[in-house]
Amino acid sequence: MNDLETAPGMDAGQPAREDLSPWFLTLDDLSGPLAWPDFFGNTGPVELDIGCGRGLFLFNTSQEHPERNYLGLEIDYKEGRRGAKRLKKVARPNARVLGCDARRALAEFLPQASVAAVHVYFPDPWWKAKHHKRRLFTAEFTQLVFDVLQPGGELHGWTDVFDYWELMTGHIREHGGFTERAAPDEREAQHHMDYHTSFERKKRLAGWPIYRGRWQKTV
Ligand SMILES: C[S@@+](CC[C@H](N)C(=O)[O-])C[C@H]1O[C@@H](n2cnc3c(N)ncnc32)[C@H](O)[C@@H]1O
């Protein structure tokens, strides 16, 4: 093969992208709805991180809780792959990133009533009124989260945007299937990686207040 030729699947002029499977997969890599024991190779509880970004929460939490499994859902493949690369580097067995629109994954690929917790940290605020319709948290999204949670499963939602906090808590209250529980207090970070997520670090270092919520699926 000369310099101008490319291997199958490689874009001309582009370096081959590192194969990050199984740490980074897309919906096209799945043959259909997931079965968690096959996906993670164990029967431990599963938690979702919706909009996981570059995966700080996935990385730290999967290390702290090797008995649990963590799946990040991220629509921005570049960010998702960054997180997956760090997981691959340490061969982390219990954390994966799925490149996808989380709403589609929840509706079509994830088994109902199957996950122990759903985490939604710092969803994009879409500040301009004309963009509000792009916001992730809607009544439909709240229902999808409810459907995927096991009875007693938990929803964690954090944001630095008060307007978004009101939107999120409003949908959760109106849904009626969740009970509010005590959210964790802020604790001092011991080092640069000792934050819940990258956005939490960014916002706290900039002095923004963080609104933290925890709800349990009760019906
Ligand atoms: C503000 S960032 C927060 C990232 C991370 N949770 C954190 O706290 O550092 C919001 C993330 O949600 C992702 N996102 C937005 N809509 C999404 C969707 N429909 N499905 C999956 N990810 C989505 C964005 O690509 C972005 O990475």
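Q: Two residues are in contact if their C-beta atoms, placed from the backbone, lie within 7 Å. What covers the buried residues of α2?
A: The cover includes the strands β2 (46-50), β3 (69-74), β4 (95-99) and β5 (115-121), together with the helices α3 (77-89) and α7 (198-205). The model is predicted: local features need pLDDT of at least 70, side-chain atom pairs count only at pLDDT 80 or more, and totals for chains, interfaces and linings use all residues. Residues are numbered from 1 along each chain as its sequence is written.

Q: Which residues of helix α2 are called buried?
A: In α2 (residues 56-64), they are Leu 56, Phe 57, Leu 58, Phe 59 and Ser 62. Each is called buried because 20 or more other C-beta atoms lie within 10 Å of its own (exposed means 12 or fewer, partly exposed in between). Of the 219 residues of the chain, 32% count as buried.

Q: How many helices and strands make up the secondary structure of the chain?
A: The chain has 7 helices and 8 strands, taken as DSSP runs numbered from the N terminus (H or I over at least four residues for a helix, E over at least two for a strand).

Q: Why is the chain called as compact as a globular protein of its length?
A: The radius of gyration, taken over C-alpha atoms, is 18 Å, and the globule rule (2.2 Å times the number of residues to the power 0.38) gives 17 Å for 219 residues; the two values are close, so the description applies.

Q: What makes β1 and β7 edge strands of the sheet?
A: The 8 strands form an open sheet of mixed pairing, in the order β1-β4-β3-β2-β5-β6-β8-β7. Strands pair if DSSP finds at least two bridges between them. β1 (24-26) and β7 (178-181) each have a single partner strand, so one side of each is left without a neighbour in the sheet.

Q: How do you know that β5 and β6 pair?
A: They are joined by 6 bridges, β6 being residues 149-159, and the two strands run parallel; the definition asks for at least two bridges, so they pair. Ala 117 has Glu 154 in β6 as its bridge partner.

Q: Which residues come nearest to the ligand?
A: Of the 20 residues around the ligand (C-beta atom, placed from the backbone, within 6 Å), these are Gly 51, Gly 53, Ala 102, Thr 197 and Phe 199. The largest share of the shell, 3 residues, comes from α7, while β3, α4 (102-108) and α7 each supply at least two.
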